[in-house]
Amino acid sequence: MEGAHHLRLLAGYGTVSLIVLVWTAWRRTAPTTRRVDIVRPGWELGLIGLSVVALIGLGQLYQAGVRLPATGPLGPLLESLNQALIFAPLWLLLLRPGHGLASAWVPDGRRRAVLSGASGLGLACVAVVAFLIAAGALQQVGEVLAALVTWQHVDEAVQVALEDLAIAMLLVRLGALTGKGWAIGITASLFAAGHVPALLSDGAEASDVLWLLPDVGLGLLVLIAITRARNILWFWPVHVAMDLMQFDSVFGRAA
């Protein structure tokens, strides 16, 4: 079952990552986001570390019930605000002079942002199709795509957007300190390792943790594509779609 799960993810994420890599190689440049020089990357990484500690504390408060009541028709919007508050220590770092959205690889200008977002939506559809082909369930593509685009998933989309900003912030600052290759490897390893406590708390055995190794490899491929494009916005819709395919009932009950 685990092998089939990772095969589906590889099909989805891998297909779109290869498309982006081919595109950037053909274009020979990654012009969507201007380069931002991080003058003191070690200091910036320290600030990110402190922000993550604060984020974890806010997450604990959320788990304890200190949050906006996300109920009723406006529930997804209120839950989106909850997520924005939890991630505030990180995204507030982008409000400082010289550390705007470009330092998290969000494209400059409305036109580039819209084109990147539209490209991301197209790639998300490709990822879903590849995922369903790997699952032997391509006949469900219409049903699945319709289920993905609903008001109820707004909060998940916001949460993923904030996670992606954090990924890009880390990649940019680590890259300034260690170089792109090390930044990609460290980031992929950190995000895979972040799943270990949850797995162990759910009763997983040591052998189950070995399934994180394919996650590291898949993470490397995705992060290479993001780094080559110097653009996190195309990845956001893909990440949302794949998360909903994995963790929501969008596909799980029908598989």
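Here is a quick tour of this structure, topic by topic. Keep in mind that you're looking at a predicted model. It holds 2 salt bridges, and Glu44, Arg96 and Arg173 are linked in a network of them. There's also 1 cavity of 30 Å³ or more, plus a couple of residues with backbone angles worth a look.

**The salt-bridge network**

- Start with Arg96 and Glu44, whose side chains meet in a salt bridge at 2.6 Å, N to O. Arg96 sits in the loop between helix 4 (88–91) and helix 5, while Glu44 belongs to helix 2, so this pair ties together parts that are 52 residues apart in sequence.
- Glu44 also meets the side chain of Arg173 in a salt bridge, this time at 3.5 Å, N to O. Since Arg173 is in helix 7 (residues 154–178) and Glu44 in helix 2, the pair ties together parts that are 129 residues apart in sequence.
- How buried are these residues? Glu44 is buried, with a relative accessible area of 4%, and Arg173 is buried too, at 1% relative accessibility. Arg96 has a relative accessible area of 24%, so it counts as partly exposed.

**Helix 5**

- Helix 5 covers residues 110–135, which makes 26 residues. At 1.5 Å a residue it should span 38 Å, and its end C-alpha atoms are 37 Å apart, so the two values agree.
- Which residues of helix 5 are buried? They are Ser116, Gly117, Gly120, Leu123, Ala124, Ala127, Val128, Ala130, Phe131 and Leu132.
- Here's a handy bit of background for reading that list: an α-helix has 3.6 residues a turn, so residues three or four places apart point the same way.
- Right after helix 5 comes Gly136, with a positive phi near 70°.

**The cavity**

- The largest cavity has a volume of about 40 Å³.
- What lines it? The lining of the largest cavity is made up of Phe87, Leu90, Trp91, Leu162, Leu165, Ala166 and Met169. Helix 4 and helix 7 are the elements that give two or more residues to this lining.
- Helix 7 supplies the largest share of the lining, with 4 residues. You've met helix 7 already, as the home of Arg173.

**A nonpolar patch on the surface**

- Leu58, Leu61 and Val66 form a nonpolar patch on the surface, and together they have about 250 Å² of accessible area.
- Leu61, one of the three, is found in helix 2 (residues 41–63). That's the helix that also holds Glu44.
- Leu61 is at 43% relative accessibility, so it counts as partly exposed. Glu44, by contrast, is buried.

**Positive phi angles**

- Some background first: most residues other than glycine have a negative phi.
- Trp105 isn't a glycine, yet it has a positive phi of about 60°. You'll find Trp105 in the loop between helix 4 and helix 5, and Arg96 lies in that loop as well. At 9% relative accessibility, Trp105 counts as buried, because the cut-off for buried is under 20%.
- Arg230 is another residue other than glycine with a positive phi, near 50°. Look for Arg230 in the loop between helix 11 (212–229) and helix 12 (235–247). Its relative accessible area is 16%, so Arg230 is buried.

Note on methods: Residues are numbered from 1 along each chain as its sequence is written. This is a predicted model: local features need pLDDT of at least 70, side-chain atom pairs count only at pLDDT 80 or more; totals for chains, interfaces and linings use all residues. Side-chain values use heavy atoms; hydrogens and water are left out. The expected span of a helix is 1.5 Å times one less than its number of residues. Buried means under 20% relative accessible area, exposed over 50%, partly exposed in between (1.4 Å probe, protein chains only). Patches are made of residues with over 30% relative accessible area and no salt bridge: like charges are joined within 9 Å, nonpolar side chains (Val, Leu, Ile, Met, Phe, Trp, Tyr) within 5 Å. Accessible areas come from the Shrake-Rupley method with a 1.4 Å probe; for residues, only the protein chains shown count as cover. A salt bridge is a side-chain nitrogen of Lys or Arg within 4 Å of a carboxyl oxygen of Asp or Glu. On a 1 Å grid over the protein atoms alone, a cavity is a set of points where a 1.4 Å probe fits but cannot get out, and a pocket is an open set with protein on both sides within 12 Å along at least five of seven lines; lining residues have an atom within 4 Å of a point. Grid points are joined across faces, edges and corners, and a volume is the space filled by probe spheres set on the points.
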